[in-house]
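User: Please take a close look at one part of this model, the loop that contributes to the pocket lining, and set it in the context of its surroundings. A connected account would be preferred to a list.

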Amino acid sequence: MSKVGIKDIAAETGVSIATVSHALRNPDRVSDETRRKVLAAASRAGYIPNRMAASLRTARSGNIVVIIPDVTDSLNGKIISGIESVARDRGYSVLLGNTQGSEKLEKEFASMTASGQADGIILMSHRMPVETSSAALGNPPLVSGCEFTGVSGVPFVGVDDREAAKDAVGHLLDYGHRRIAVITGDMDSASSRFRLQGFHEAMAAAGLEVNENWVMHGHYLPADGEAAARKLIMQKDRPSAIFCFSDEMAMGCMHALNEQGFSVPGDMSVIGFDGIPFARYASPPLTTIAQPTEAIGAACANTLFDLIEDKKPASMKTYLPHELIVRESTASIDC
């Protein structure tokens with residue numbers, strides 16, 4: 001069977017070779033109808049692009065790298081799915097840099113752009129993996145997803161963590177809770193700092209002081225929620241509700257409470273953050289602030305491809321809407 005090329009696809013679809021090339025590699029330069037027609041013809045013909053030849057012509061690898069602390073984390077799966085969906089449409093492959101929180105590995109994966117193995121970076125860590133302090137000083141195309149780096153010139157995509165935390169606390173306040181504890185994530189992480197800021201602001205707006213004995217710290221893991229909950233219930237003065245900065249910590253928290261004979265939400269209400277798929281199957285089903293993870297991934301990828309193509313991103317800070325999902329882990333309390 002002879003190899004199918006873009007000339008064959010052009011002949012079948014009745015468009016020029018240049019149009020076929022744009023539809024396959026620069027889809028924003030053709031209409032949606034033309035792109036669909038070309039992709040359908042390519043699929044029927046079993047067309048396989050010659051990535052090596054394309055990279056020689058464009059000086060691009062056809063890859064992007066996603067630097068992510070843990071690819072198995074429940075939050076990250078949908079984000080990766082959103083990235084991959086956009087990348088496929090753009091004719092790109094996604095390389096996953098699973099760092100397990102290692103700064104050394106973050107830098108190693110970031111160096112793939114310098115070696116020509118990748119054309120840009122989506123960063124899901126709070127640390128910048130390149131040395132310069134400004135993206136204008138020669139950094140590769142880079143987008144920060146969910147974690148604000150604070151570096152000038154680096155676009156950010158995610159939710160407004162401060163406002164989301166205020167909504168979480170507001171939900172507990174609406175249920176009559178005034179004694180509210182919090183279990184944070186890694187305080188080196190901007191998302192955790194913004195959520196804690198939102199917590200303090202919501203409490204202050206309600207005229208409530210934060211009990212610093214009820215501010216616990218973790219690293220977003222179930223074991224952190226479990227350990228923090230055990231410390232909270234050992235105190236003589238206990239909270240009536242706990243706001244956890246991740247769903248996984250919230251589930252660890254509820255496990256510890258149930259193990260020690262505390263009813264959720266009868267004795268303590270628990271609210272999480274992220275909206276991971278397993279949260280609805282927790283016991284009891286977990287109230288949470290849900291992030292639009294797949295949309296975050298897609299927005300990160302689209303912004304990165306704008307940078308790769310030397311286009312100015314539509315926005316340097318893209319905030320996507322979060323959602324309060326009320327389930328059975330929170331309930332009203334008598335004041």
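Analyst:
**The loop between S4 and S5**

Glu 147 is placed in the loop that runs between S4 and S5. The model is a predicted one, and every value below is computed from it. Glu 147 has a relative accessible area of 10% and is therefore buried, since the limit for that class is under 20%. In sequence, Glu 147 stands 25 residues from Leu 172, and the C-alpha atoms of these two residues are 26 Å apart in space.

Glu 147 also belongs to the lining of the largest pocket, where Glu 147, Pro 69, Asp 73, His 219 and Tyr 220 are the residues that lie nearest the centre. The lining comprises 29 residues in total, and the space in this pocket is about 740 Å³. Two elements give two or more residues each to the lining, namely helix H8 (190-205) and helix H10 (247-259). By residue class, the lining holds eleven polar, ten charged and eight nonpolar residues.

The loop also carries an aromatic contact. Five aromatic pairs are counted in the model. In one of them, Phe 148 and Phe 194, the ring centres are 6.3 Å apart and the planes meet at 40°, so the pair is classed as tilted. This pair joins distant parts of the chain, because Phe 148 lies in the loop between strand S4 (142-145) and strand S5 (156-158), whereas Phe 194 lies in helix H8, 46 residues away. Both rings belong to residues that are partly exposed: Phe 148 has a relative accessible area of 27%, and Phe 194 has 32%. Ring pairs further connect Phe 148 and Phe 194 with Phe 156 and Tyr 319, and the four form a cluster.

A further ring contact involves Arg 195, which lies over the face of Phe 273 at 3.7 Å from the ring centre.

The cysteines may be considered next. The whole structure contains zero disulfides. For Cys 300, the closest cysteine sulfur is that of Cys 146, at 6.5 Å, and this is too far for a bond because a disulfide requires sulfur atoms within 2.5 Å. Cys 300 is buried, with 0% relative accessibility. For Cys 244, the closest cysteine sulfur is in Cys 253, at 4.3 Å, which is likewise too far for a bond. Cys 244 is buried as well, at 0% relative accessibility.

Another contact between separated parts of the chain is found at Thr 287, a residue of strand S10 (residues 287-290). The C-alpha atom of Thr 287 is 4.5 Å from that of Arg 327, although 40 residues separate the two along the chain. Thr 287 is buried, and its relative accessible area is 0%.

As for the chain as a whole, eleven helices and twelve strands are present. The C-alpha trace spans about 75 × 40 × 30 Å along its principal axes. Of the 335 residues in the protein chain, 50% are buried, and Glu 147 in the loop between S4 and S5 is one of the buried residues.

Methods
Residues are numbered from 1 along each chain as its sequence is written. This is a predicted model: local features need pLDDT of at least 70, side-chain atom pairs count only at pLDDT 80 or more; totals for chains, interfaces and linings use all residues. Side-chain values use heavy atoms; hydrogens and water are left out. On a 1 Å grid over the protein atoms alone, a cavity is a set of points where a 1.4 Å probe fits but cannot get out, and a pocket is an open set with protein on both sides within 12 Å along at least five of seven lines; lining residues have an atom within 4 Å of a point. Grid points are joined across faces, edges and corners, and a volume is the space filled by probe spheres set on the points. Helices (H or I, at least four residues) and strands (E, at least two) are DSSP runs, numbered from the N terminus. Ala, Val, Leu, Ile, Met, Phe, Trp, Tyr, Cys and Pro count as nonpolar, Asp, Glu, Lys and Arg as charged, and the others, Gly among them, as polar. Rings of Phe, Tyr and Trp (its six-membered ring) pair if their centres lie within 6.5 Å; planes under 30 degrees apart count as stacked, over 60 as edge-to-face and the rest as tilted. Buried means under 20% relative accessible area, exposed over 50%, partly exposed in between (1.4 Å probe, protein chains only). A charge sits over a ring if NZ of Lys or CZ of Arg is within 6 Å of the ring centre and within 35 degrees of the ring normal.
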